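Thanks for making the time this morning. I would like to walk you through one model, taking its open space, then its strands, and then its charged contacts.

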Amino acid sequence: MPPPEPLTTTLSTKGQIVLPLPLRRLLGWNPGKRLRVENTPEGVLLRPATVFPPTRPEDVFGSARVEGPPRSIEEMDEGVLAEAHAQFEGS
């Protein structure tokens, strides 16, 4: 949902802009937020940068070596939950 009225900002001599507070609040963008800047036919587009580079399944299949038989989804869920509990209790 866009802000109710158009907002403006000014480009500094260092090429920096300040995004108006109402827009940052609306988007939930806090200091340190990494943004991707794209040049489009409509103008400059800012979007959140991805945390990890995109990967394809074939790039990562077999990267985690595991001993023993395959685990079921239920067993994996139990293991993740157990580790989460251990991490939470240890903090």
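How much space lies in the largest pocket? Before I answer, please keep in mind that what you see is a predicted model, and that the figures I quote are computed from it. The largest pocket holds about 210 Å³ of space, and if you would like to find it on the screen, look for its lining residues, which are L19, R24, W29, N30, P31, G32, K33 and L35. Sorted by class, that lining is made up of four nonpolar, two polar and two charged residues.

Let me turn to the strands. Strand β1 covers residues 35–40 and strand β2 covers residues 43–48, and the two pair in the antiparallel sense over six bridges. The connection from β1 to β2 is a hairpin that runs through two residues, and, to give you one pairing to look for, N39 has V44 as its bridge partner in β2.

Now to the charged contacts, where the count comes to two salt bridges. In one of them R36 is joined to E38, with the closest N and O atoms 3.2 Å apart, while in the other R47 is joined to E38, with the closest N and O atoms 3.0 Å apart. Through these shared partners, R36, E38 and R47 form one network. Is R47 buried, exposed or partly exposed? Its relative accessibility is 38%, which falls between the 20% and 50% cut-offs, and therefore R47 counts as partly exposed.

Terms used
Residues are numbered from 1 along each chain as its sequence is written. This is a predicted model: local features need pLDDT of at least 70, side-chain atom pairs count only at pLDDT 80 or more; totals for chains, interfaces and linings use all residues. Side-chain values use heavy atoms; hydrogens and water are left out. On a 1 Å grid over the protein atoms alone, a cavity is a set of points where a 1.4 Å probe fits but cannot get out, and a pocket is an open set with protein on both sides within 12 Å along at least five of seven lines; lining residues have an atom within 4 Å of a point. Grid points are joined across faces, edges and corners, and a volume is the space filled by probe spheres set on the points. Ala, Val, Leu, Ile, Met, Phe, Trp, Tyr, Cys and Pro count as nonpolar, Asp, Glu, Lys and Arg as charged, and the others, Gly among them, as polar. A salt bridge is a side-chain nitrogen of Lys or Arg within 4 Å of a carboxyl oxygen of Asp or Glu. Buried means under 20% relative accessible area, exposed over 50%, partly exposed in between (1.4 Å probe, protein chains only). Two strands pair if DSSP finds at least two bridges between them. Helices (H or I, at least four residues) and strands (E, at least two) are DSSP runs, numbered from the N terminus.
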